[in-house]
Amino acid sequence: MSFLNLGVVAHVDAGKTSLTERLLYAGGVIDTIGSVDAGSTRTDSLELERRRGITIKTAVASFPVGDVTVNLIDTPGHPDFIAEVERALRVLDGAVLVVSAVEGVQAQTRVLMRTLRRLGVPTLLFVNKIDRAGARPTEVLREIAAKLTPRVVALNAVRGPGTPAATTHPPGDDFAARVVEATGDDDLLAAFVRDELSYPKICAALAERARSGEIHPAFFGSAVTGAGVDALIQGLADLLPVAAGDPAAPVSGTVFKVERDRAGARIAYVRMFDGTLRVRDRLPAGVVTAIEGGPALRAGEIGKVHGLREVRIGDAIGQPHAGAGRQLFPPPALETVVVARDPADRHALHTALAELADQDPLINLRADDTVSLYGEVQKEVIETTLAEQYGVAVSFRGTSTIHIERPAGAGFAGRTLGKDDNPYFATLDLRVEPAPIGSGVSFELDVPIEQVPIHVFRTEEFFRDALEATVRRALRAGLHGWEVIDVRVIASRTGFVAPSTTAADFRKLLPIVLTEALRRAGTVVCEPIHRFRLDGPATTLGPALGALSRLGAVPETSEVRGDDFVIGGLVPAARLRAVEEALPGLTHGEGVLESEFDSYRPVTGR
């Protein structure tokens, strides 16, 4: 049996979940097609998903296509839940990017396509909603070629677009020419000109290049009526690669989702890249007690694994998979403090938030119940989840932009056992200094072996790891309360007295010494800066440039392409929402704004 781990991705409201329902119905998994509006879809299982009609959590369902089992992964479309999308993209063999035939290419569509291409995920396009009033399939195909990828070829055509009776039919006589053009292959072109290119050869060339991600076949259709869906399903088997991997190789997999059962135990969603995971296998996160659907999970498969009590999203199963640590999207740029409406619920609130942070590490829970966010919709989801699943009513303090701190220079501090008003049975000298931008936090233990408390930590490596973990925790809040990054910390002297010294002595002393060293070095508060691209009607270029400058953005390039303008530049993350809110008025509702994290910049006056 072969497997295809397939992601369905889209800008919000393009019809992604409706297409997922149609695919599951066609595959015989469900008897009736659910409705997003009615809240009856299979993959939107959360009550809030059903109420709002949006996907919030990644969902997995399977259906057969011939001798291939397709594991269908439905991802959120709203940008507030981009972290869920990122985790899903890492485990895909192929993807279907859904584009609305009415709205066309939208901001999130571009972000997703750019990411899929960067990862090398072979991608088909489904131009949905051909039955909706205002559908413009031919124009949208041109938009795709201009804004997403020029290597796109339509594998069907539309009759009666924009009407409930809209249907699809096979491509016209120019199909071979369009495939050859999309490939950009000179040899294929020469064979076509000599009339030596048969239809089977054309199809074989298309399939080969689609599986490698060089070409992106597009299908027109409607998830609601089913038009074009059969052709898409056949395309899944013919045009996308099945999962690779060796079941006999060393175990290598990744956890891309964690949920809890009714008893509160963790269930890990695992994608296996190589090897075979079996019940009773022992992993750092725990012992596998059950695997849903069978006694083992083999290379290429996705499954639910029970028994991993300490598992977290992003954990490697066995050997880490290549590229597993790369961050595809910027971290959350906003934060807020969650407050229990009833003070008696404070402990329950923190426990609940800790569980949510296990399921979504980018929440980045801090001791004062501060959480990180991508946007206001995510805040609503947290509030509803806390109320409905944990019985804790909450409110939020104001949302603010997350800043970071970097060391301004070098600083040294130390405490000696029995001196310096040191209440702990430990000696510790630390030096902090700036590290290259983007390097994060590094720690070095530079002491002779006789200064290592072997009676506590057993080895020098364990001692170093324990100190580094404490350093990283302490740097979550710098001199101004923000996380300190791009810093090098060196422990140049340690000391102890056996058997009195314990691990707690170093754990408690280190933050004191580190804070003093940071104070002597000084820190610079930096704000996140995003790089943006704004497209809009050429007639609104002047007003758009003026408004961007007033809103704190810095346009760096601007050009007119036909009837449209393109502006590129930088904008502080704190001003991004203001730009988004002003956009419809500036561009008569036709502007499209894309942004991604670029860098951190020192805040003026700090």
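## Exercises on a predicted protein chain

In the protein chain, the mean position of the 66 positive charges and that of the 78 negative charges lie 3 Å apart. Here Lys and Arg count as positive and Asp and Glu as negative, with His and the chain ends not counted; each charge is placed at NZ of Lys, CZ of Arg, CG of Asp or CD of Glu.

The model is predicted, so local features need pLDDT of at least 70 and side-chain atom pairs count only at pLDDT 80 or more, while totals for chains, interfaces and linings use all residues. Residues are numbered from 1 along each chain as its sequence is written, and side-chain values use heavy atoms, leaving out hydrogens and water.

**Exercise 1.** Find what share of the 606 residues is buried.

*Solution.* Start with the cut-off: buried means under 20% relative accessible area, exposed over 50%, and partly exposed in between (1.4 Å probe, protein chains only). Buried residues then make up 52% of the 606.

**Exercise 2.** Work out where the buried residues of helix H6 sit around its axis.

*Solution.* Step one: recall that helices (H or I, at least four residues) and strands (E, at least two) are DSSP runs, numbered from the N terminus. Step two: in H6 (residues 175-183), list Phe175, Ala176, Val179, Val180, Ala182 and Thr183 as buried. Step three: these cover an arc of only 165 degrees (directions from the helix axis to the C-beta atoms), which puts them on the same side of H6.

**Exercise 3.** Name elements that cover this buried side.

*Solution.* Look for contacts, meaning heavy atoms within 4.5 Å. The cover includes strand E6 (152-154), helix H7 (186-193) and helix H8 (199-211).
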